[in-house]
Amino acid sequence: MQKKDNISNLIECWNKASSSGLNILDEGRMADFWNKRSENYANNTGKDKRGKKTDDILAFLDECGFNPESSRVLDIGCGPGTLSLPLARLGADVTSLDISSGMLDRLKDAVKKEALPIDIIEWSWWTADIDKLGFRNEFDLVIASMTPGIRDVENFDRMMACSKNLCYYSNFLRRGEDKAYRDIRTSILGEKSENNMNGIIYPFMYLYLLGYMPLVRINHSEWEEETDWREAADRAIEFIGRGCDFDDETKEKIMDYYQNASPDGMYRSESDVYTGMMVWKV
């Protein structure tokens, strides 16, 4: 009885967290947000830290016993193919799903250029019917890497139902926002500067309560970036304002903040980031 109560209480807490904080709850807004970021995001997938992160994920999957040769892989929230492409190059038959047409256009370009075995599907995981899609119990590995596609237990259960062997999941454990974002939330928007991301905590606790023992890796990195203040301000308006619409006065205040914080015209940001990734056998 206590186990059922534990799971029920966790699910209730998870659902409350997914409906508040920094989450976008509307599929159209979600697609639009990632469409705007698709070109810049795709251009940086193989560079520096992102390239190393991909290598780390592939090494972790290998350590967990996954062999991509002739395996069927489902990549939920695939983006421009950060994991889909290298897995296909290693011999996997990949199905890549994302809500963003912009991200998928970048993936299609790479697939066409290299003639890779990747089936691309534009779909939202929030409302996906895995039986109509033919996904149930069909994949050797199901991936959900740093994706908002898994926002609650229903989406997470749907992910596991597609696997006949392994699942991989990753998300933030803690992400300290840049000082500008905290200041904008408190001084301009009048909000509490809280980061209510679901992260990896809820999925991990859910698996533990169900009796799974996932293999886990926790990583730490410090993100530093130097950007023209106008570009930094535009990004902040887009990111902080996802899920809502700022009026012109609020946008102007945010622009003024970045200009004042960038005496030489360049805004320098930094954030402290912890991420977790886990693999388990279904």
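Let us start inside the fold: strand 1, residues 72-76, has 4 of its 5 residues buried, so the rest of the structure largely encloses this strand. Please keep in mind as you look around that this is a predicted model.

**The sheet around strand 1**

Which strands lie beside strand 1? On one side, strand 1 runs parallel to strand 2 (residues 93-98), and 5 bridges join the two. To find this pairing in the structure, look for V73, whose bridge partner in strand 2 is V94. Between these two strands the chain passes through helix 4 (residues 84-89), making a β-α-β crossover that is right-handed. Strand 1 also pairs with strand 4 (residues 139-145), again in the parallel sense, over 4 bridges. Here a handy landmark is D75, which stands opposite I143 of strand 4.

Now step back to view the whole sheet. It is an open sheet of 7 strands with mixed pairing, and the strand order is 3-2-1-4-5-7-6. What stands at the edges? Strand 3 and strand 6 do, and each has a single partner strand, so one side of each has no neighbour in the sheet. From one strand to the next, the twist averages 20°.

The mixed pairing of the sheet becomes clear once you reach strand 5 (residues 163-175) and strand 7 (residues 266-281). These two run antiparallel and are joined by 9 bridges. Within this pair, S170 stands opposite M277 of strand 7. As you follow any of these strands, a general point may help: side chains in a regular strand alternate between the two faces of the sheet.

**Two loop residues with positive phi**

Next, a look at two places in the loops. S70 sits in the loop between helix 3 (48-63) and strand 1. Its phi is near 65°, which is a positive value in a residue other than glycine. Is S70 buried or exposed? With a relative accessible area of 62%, S70 is exposed.

A115 is found in the loop between helix 5 (101-114) and strand 3 (118-122). A115 is not a glycine, yet it has a positive phi of about 55°. The relative accessible area of A115 is 67%, and A115 is exposed.

**A nonpolar patch on the surface**

Turn now to the outside of the model. L173, I201, F204, M205, Y208, M213, V216 and I218 form a nonpolar patch on the surface, and together they have about 750 Å² of accessible area. Which element gives the largest share of the patch? That is helix 8, with 4 residues. Helix 8 (201-210) and strand 6 (215-228) each supply at least two residues of the patch. One member to look for is Y208, which is placed in helix 8. Y208 has 52% relative accessibility, and since exposed means over 50%, Y208 counts as exposed.

**Salt bridges**

How many salt bridges does the structure hold? There are 16 salt bridges, and the table shows three of the pairs.

| Salt bridge | N to O distance |
|---|---|
| K52 and D56 | 3.1 Å |
| R217 and E63 | 2.2 Å |
| R230 and D228 | 4.0 Å |

Begin with K52 and D56, which are 4 residues apart in helix 3 and so are separated by about one helical turn. K52 is exposed at 51% relative accessibility, while D56 is partly exposed with a relative accessible area of 33%.

The salt bridge between R217 and E63 joins two separate elements. R217 lies in strand 6 and E63 in helix 3, so this pair ties together parts of the chain that are 154 residues apart in sequence. R217 is partly exposed, its relative accessible area being 29%.

In the pair of R230 and D228, the closest N and O atoms are 4.0 Å apart. R230 counts as partly exposed at 45% relative accessibility, and D228 is partly exposed too, with a relative accessible area of 29%. Besides this pair, E225, E231 and R235 are joined into one network by salt bridges that share partners.

Technical notes: Residues numbered from 1 in each chain as written. Predicted model: local features only at pLDDT ≥ 70, side-chain atom pairs only at ≥ 80, totals over all residues. Heavy atoms only, no water. Patch = residues over 30% accessible without salt bridge, like charges linked within 9 Å, V, L, I, M, F, W, Y side chains within 5 Å. Areas by Shrake-Rupley, 256 points an atom, 1.4 Å probe, with all protein chains shown as cover. Salt bridge = Lys/Arg side-chain N within 4 Å of Asp/Glu carboxyl O. Buried < 20%, exposed > 50% of the residue type's maximum accessible area, 1.4 Å probe, protein only. Pairing = 2+ DSSP bridges. Right-handed = clockwise from strand over helix to strand, strands pointing away. Axes fitted to C-alpha atoms, helices over the stretch in contact; angles between N-to-C directions.
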